[in-house]
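Student: Could you take me through one part of this structure closely? I would like short steps that I can follow on screen.

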Amino acid sequence: MAEHVTSRKVYFLVFAALLALTLATVLVAEVDLGVFNDVAALTIAVTKALLVLLFFMHVRHSTRMTALTAVAGFFWLALLIGLTMADYASRGQILPYVAGK
Amino acid sequence: MNTTAAAPPVTTTAETAFRRPNYLNAAYGVRSWLLTRDHKRIAILYLISVTTFFAIGSLFALLIRLELLTPEGDLFQPDTYNRLFTMHGVVMVFFFLIPAIPAVLGNFLVPLMIGAKDLAFPKLNLASWYVYNLGGIFTLWAIIHGGVDTGWTFYTPFSTHYSNTYVIATALGIFINGFSTIFTGLNFIVTIHRMRAPGLTWFRLPLFIWATYATSVIIVLGTPVIAITLLLVAVEKTFHLGIFDPALGGDPVLFQHMFWFYSHPAVYIMILPAMGVESELIAAFARKRIVGYKVVAFASIAIAVLGFLVWGHHMFVAGESIYAATIFSVLSMLVAIPSAVKVFNWTATLYQGSISFQTPMLYALGFIGLFTLGGLTGVMVATLGFDVHVHDTYFVVAHFHYIMVGGTIMGYLGGLHYWWPKISGKLYPAFLSKLAALLVFVGFNLTFFPQFILGYLGMPRRYWSYPPEFQVLNVLSTAGASILGVGYLLPLCYFIWSMRYGKDSGDNPWGAVGLEWDTTSPPPTENFYTTPVVTHGPYEYNREEVHNRMSQEVTLG
């Protein structure tokens with residue numbers, strides 16, 4: 001497969017977007033959005049991570065095998081978090097033992 | 001597997017074998033070894049390093065067994081005993097069992113078995129050996145300065161809050177060592193994907209390569225988690241950030257989740273390569289294609305994937321939710337399926353095979369028995385109710401030693417005996433090696449079977465004294481450990497002896513098939529004189545040309 005060369009302009013645009021999103025993180029932190037505080041912060045963080053993955057790490061123009069490898073990493077992270085949360089989410093749901101019932 | 005164009009330029013006879021140009025006589029001097037990029041020489045460097053760490057780990061085991069010879073804690077202080085079993089575990093798990101088969105046999109064999117000249121990244125391969133030793137030096141420094149007493153599992157809050165031993169140095173040693181493992185795993189994945197010989201499709205690969213590939217995937221996906229976890233322990237201990245310590249707002253069970261997310265799959269990092277070796281040995285000494293080749297290959301992948309879903313079974317009594325525990329219990333039992341598939345397929349391969357009881361085959365047969373016992377007791381401890389009874393007893397100690405020692409070390413020794421003529425071009429004494437295999441099998445069972453009974457009767461692990469009624473079984477265990485020690489020392493002696501005094505082995509003393517046997521022994525630096533072209537699958541022992549070759553083989557006792 002021919003190597004795709006990303007133009008310098010794209011790199012600078014992505015870099016500018018990352019800086020803007022960092023600024024957005026700081027600004028959003030100043031505003032109290034209630035339950036959406038975490039949602040907003042994580043959305044910005046995930047967007048930044050995707051930009052880095054797709055452009056700086058060249059996954060956008062790589063082979064499907066590279067993309068699959070990147071997805072596998074996230075899948076494994078999802079396993080770690082998901083099954084750990086299976087413990088945390090249900091830890092308080094055990095009913096106390098009452099004699100005679 | 002045979003090739004169409006891999007014949008060496010010189011006729012192969014046992015007398016001329018060692019004088020031909022090969023990777024051992026290609027260059028001389030310490031520099032030629034320490035700066036080598038040849039995967040075979042790096043495998044030898046790893047062999048020396050892991051053997052050193054195995055000796056250190058064994059020394060700790062010897063001291064533990066000596067203390068447990070009598071019910072009273074009379075040889076060491078309890079604190080010293082805590083350090084002994086911790087250092088035994090740390091050294092054996094991270095510096096011997098995990099790297100042993102991949103870094104020694106894998107490094108040596110992966111390029112040979114796929115018809116490549118070297119691994120994809122030879123410099124990274126050499127770097128991995130240096131990083132391994134750097135991690136080892138950190139850990140040895142901690143040992144010399146008094147060791148660490150947390151158990152090899154570094155459970156919090158003891159490791160972060162109470163222990164005043166060298167937790168950070170040891171954790172850093174393991175953190176650094178993790179990079180070495182990742183380098184090796186990455187190298188194998190890229191090599192197996194990109195550097196297979198022409199015609200060598202995925203389903204023509206030897207099962208050792210499938211197992212090594214599955215192992216590498218676990219290594220690359222899992223090792224970063226243990227590295228981060230141990231780093232977090234060091235960060236919490238140094239900067240008092242609340243991650244695992246409840247007093248600082250953390251959760252100690254979170255450590256166990258993160259630790260076992262890697263450390264349970266680590267058991268499969270240890271056992272999968274041994275299973276790969278097992279497949280090679282069974283095929284070679286039963287003279288048969290492995291029954292259900294594809295199923296065995298996919299079983300390796302299934303073990304790698306399912307192995308990541310079971311870690312919670314280490315926390316059944318640690319405060320884990322009963323609902324999560326039930327899920328983990330069921331998932332743990334699922335891993336038994338691909339493992340059992342392998343055992344059944346090896347056994348089926350033996351059926352109507354033309355079996356010869358050479359030394360490597362003795363280890364292979366020992367592996368089947370010991371691994372089966374270790375695996376079945378694994379299903380027992382995966383059962384919630386039974387685990388509550390035997391948790392943290394010697395039953396668990398016996399179970400995982402049956403897997404790690406009975407499985408991994410049997411596989412490692414079997415592999416070393418099988419490929420030693422390929423590595424060194426020399427033969428070792430047949431009778432002595434069979435005696436050693438027997439001593440290892442008998443010694444192992446005498447050491448660890450009594451521990452099943454001890455654990456079931458309620459003797460907890462990690463105690464330096466015990467009630468007098470447990471003494472008989474403990475004496476048996478210590479006696480077994482002594483026999484096991486002799487069984488391990490013998491191969492060390494005769495392998496070294498054979499390098500100087502052993503008879504030349506010829507290129508293929510077992511009459512085995514496989515690309516690694518189609519080149520000279522020891523192989524030249526570039527592995528093959530011409531690039532091999534593969535025309536059929538592995539383990540083709542029924543082909544006519546193979547029969548002709550087997551009739552010319554050197555008999556090894």
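Tutor: Let us take chain A, in what is a predicted model. Of its 101 residues, 17% count as buried. The fold of chain A is quick to list: three helices and zero strands. Along the sequence that reads α-α-α.

Now the overall form. A compact globule of 101 residues would have a radius of gyration near 13 Å, whereas chain A has 21 Å. The C-alpha trace of chain A spans about 75 × 40 × 10 Å along its principal axes.

Next, contacts. Count those in chain A with a separation of 6 or more: 66% of them join residues 24 or more positions apart.

Then the surface. Chain A has an accessible surface of about 7,700 Å². Carbon and sulfur atoms make up 74% of that surface. Charges come next: chain A has 7 positive and 5 negative ones, and their mean positions are 11 Å apart.

Finally, look beyond chain A. Over all chains, the whole structure holds 50 aromatic pairs. Take B:Phe386 and B:Tyr456: their ring centres are 6.2 Å apart and their planes are at 25°, so this pair is stacked. Planes under 30 degrees apart count as stacked. B:Phe386 sits in helix 12 (residues 384-390) of chain B and B:Tyr456 in helix 14 (residues 430-457) of chain B, so the pair ties together parts 70 residues apart in sequence. B:Tyr456 is partly exposed, at a relative accessible area of 47%. Both rings belong to one aromatic cluster, which also includes B:Phe395, B:Tyr402 and B:Phe444.

Key. Residues numbered from 1 in each chain as written. Chains lettered and ligands numbered in written order. Predicted model: local features only at pLDDT ≥ 70, side-chain atom pairs only at ≥ 80, totals over all residues. Heavy atoms only, no water. Helix = DSSP H or I, 4+ residues; strand = E, 2+ residues; numbered from the N terminus. Rg over C-alpha atoms; globule rule 2.2 N^0.38 Å. Buried < 20%, exposed > 50% of the residue type's maximum accessible area, 1.4 Å probe, protein only. Contact = heavy atoms within 4.5 Å. Areas by Shrake-Rupley, 256 points an atom, 1.4 Å probe, with all protein chains shown as cover. Lys, Arg positive; Asp, Glu negative; His and termini not counted. Charge placed at Lys NZ, Arg CZ, Asp CG, Glu CD. Phe/Tyr/Trp six-rings, centres within 6.5 Å; stacked < 30°, edge-to-face > 60°.
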